[in-house]
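I opened this notebook to keep track of what I looked up. Entries are short and follow the order of my queries.

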Amino acid sequence: QVQLVESGGGLVQPGGSLRLSCAASGSIFRIYVMGWYRQAPGKQRELVAMITSSGNTNYAESVKGRFTISRDNAKNTVYLQMNSLKPEDTAVYYCNANGLAGAGVGPYDYWGQGTQVTVSS
């Protein structure tokens, strides 16, 4: 059983900052890619940012220059620093990990339960 536990969401004013964290635990053998997705009401889930085990990153155009993804491989934890937040960043943010459940088993996608981020004055 693999669990992804997110924290750090909340309510923030436009222009403010939040930092999301996601820790993976359980019987996961190796994690290749970790990332953050978000889903706003009435919209499809979309990629926000992703990071490989070697530190390569990829961002959605809408968050480039404002969000920074980072990762602590020793702790199986991924972070998302969100600065200059806008009302359109309001969504439920989901953590994702892609990895092996055992040697040669997978890879599989694992998801967190989601954390609400609301940007409003």
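**Entry 1: a turn residue**

I started at Asn 76, which lies in the loop between β7 and β8. The model is predicted, so I kept to local features with pLDDT of at least 70. I checked the backbone there. Asn 76 is not a glycine, yet its phi is positive, about 50 degrees. Is Asn 76 buried, exposed or partly exposed? Its relative accessibility is 25%, so I logged Asn 76 as partly exposed. The strands on either side, β7 and β8, form a hairpin with 4 residues between them.

**Entry 2: the hairpin strands**

I then took the two strands themselves. β7 covers residues 67-72, and β8 covers residues 77-82. They pair in the antiparallel sense, over 6 bridges. I looked up two positions across the pair. Thr 68 has Gln 81 as its bridge partner in β8. Phe 67 stands opposite Met 82.

Next I asked which side chains of β7 are buried. Phe 67, Ile 69 and Arg 71 are, and they point to one face. Thr 68, Ser 70 and Asp 72 point to the other face and are not buried. That fits the rule that side chains in a regular strand alternate between the two faces of the sheet.

**Entry 3: the sheet around the hairpin**

I followed the pairing outward. The hairpin strands belong to an open sheet of 4 strands, in the order β1-β3-β8-β7, with antiparallel pairing. β1 (2-7) and β7 are the edge strands, each paired on one side only. From one strand to the next, the twist averages 15 degrees.

**Entry 4: Arg 66**

I stepped back to Arg 66, in the loop between β6 (57-59) and β7. How accessible is Arg 66? Its relative accessible area is 10%. The cut-off for buried is under 20%, so Arg 66 counts as buried. I looked for a polar partner. The Arg 66 side chain reaches the backbone oxygen of Ser 62 at 2.9 Å. I also listed its contacts, leaving out residues up to four places away in sequence. Arg 66 touches Gln 81, Met 82, Asn 83, Ser 84, Leu 85, Lys 86 and Asp 89.

**Entry 5: Ser 84**

One of those contacts needed its own query. Ser 84 lies in the loop between β8 and β9. Its phi is positive at about 50 degrees, although Ser 84 is not a glycine. With a relative accessible area of 42%, Ser 84 is partly exposed.

**Entry 6: Met 82 and the core**

I came back to Met 82 for its contacts. Beyond its neighbours within four places in sequence, Met 82 is in contact with Gly 16, Ser 17, Leu 18, Leu 20, Arg 66, Phe 67, Tyr 93 and Val 117. I then pulled up the largest nonpolar core, which has 31 residues. Which members touch the most others? They are Trp 36, Leu 80, Met 82 and Tyr 93. I checked where the core residues come from. At least two come from each of β1, β3 (18-26), β4 (30-39), β5 (46-52), β7, β8, β9 (91-100) and β11 (115-119).

**Entry 7: the disulfide**

I searched for disulfides and found 1. Cys 22 and Cys 95 form it, with sulfur atoms 2.0 Å apart. Cys 22 sits in strand β3 and Cys 95 in strand β9, so the pair links distant parts of the chain, 73 residues apart. Both Cys 22 and Cys 95 are buried. What is the handedness of the disulfide? The torsion about the S-S bond is about -80 degrees, so the disulfide is left-handed.

**Entry 8: Arg 19**

I stayed in strand β3 for Arg 19. Its relative accessibility is 46%, so Arg 19 counts as partly exposed. Arg 19 and Gly 8 are 11 residues apart along the chain, and their C-alpha atoms are separated by 5.7 Å. I listed its contacts, again without residues up to four places away. Arg 19 touches Ser 7, Gly 8, Tyr 79, Leu 80 and Gln 81.

**Entry 9: a cis peptide**

My last query was on peptide bonds. The bond from Gly 106 to Pro 107 is cis, with omega near 15 degrees. Where is Pro 107? I placed Pro 107 in the loop between β9 and β10 (108-111).

How values were computed
Residues are numbered from 1 along each chain as its sequence is written. This is a predicted model: local features need pLDDT of at least 70, side-chain atom pairs count only at pLDDT 80 or more; totals for chains, interfaces and linings use all residues. Side-chain values use heavy atoms; hydrogens and water are left out. Buried means under 20% relative accessible area, exposed over 50%, partly exposed in between (1.4 Å probe, protein chains only). Two strands pair if DSSP finds at least two bridges between them. Axes are lines fitted to C-alpha atoms, for helices over the stretch in contact, and angles run from 0 to 180 degrees between N-to-C directions. A polar contact is a pair of N or O atoms within 3.5 Å; within protein, one must be able to donate a hydrogen and the other to accept it, and residues adjacent in sequence count only if both atoms are side-chain atoms. Contact means heavy atoms within 4.5 Å. A nonpolar core is a set of buried Ala, Val, Leu, Ile, Met, Phe, Trp, Tyr and Cys residues joined through side-chain atoms within 4.5 Å. A disulfide is a pair of cysteine sulfur atoms within 2.5 Å.
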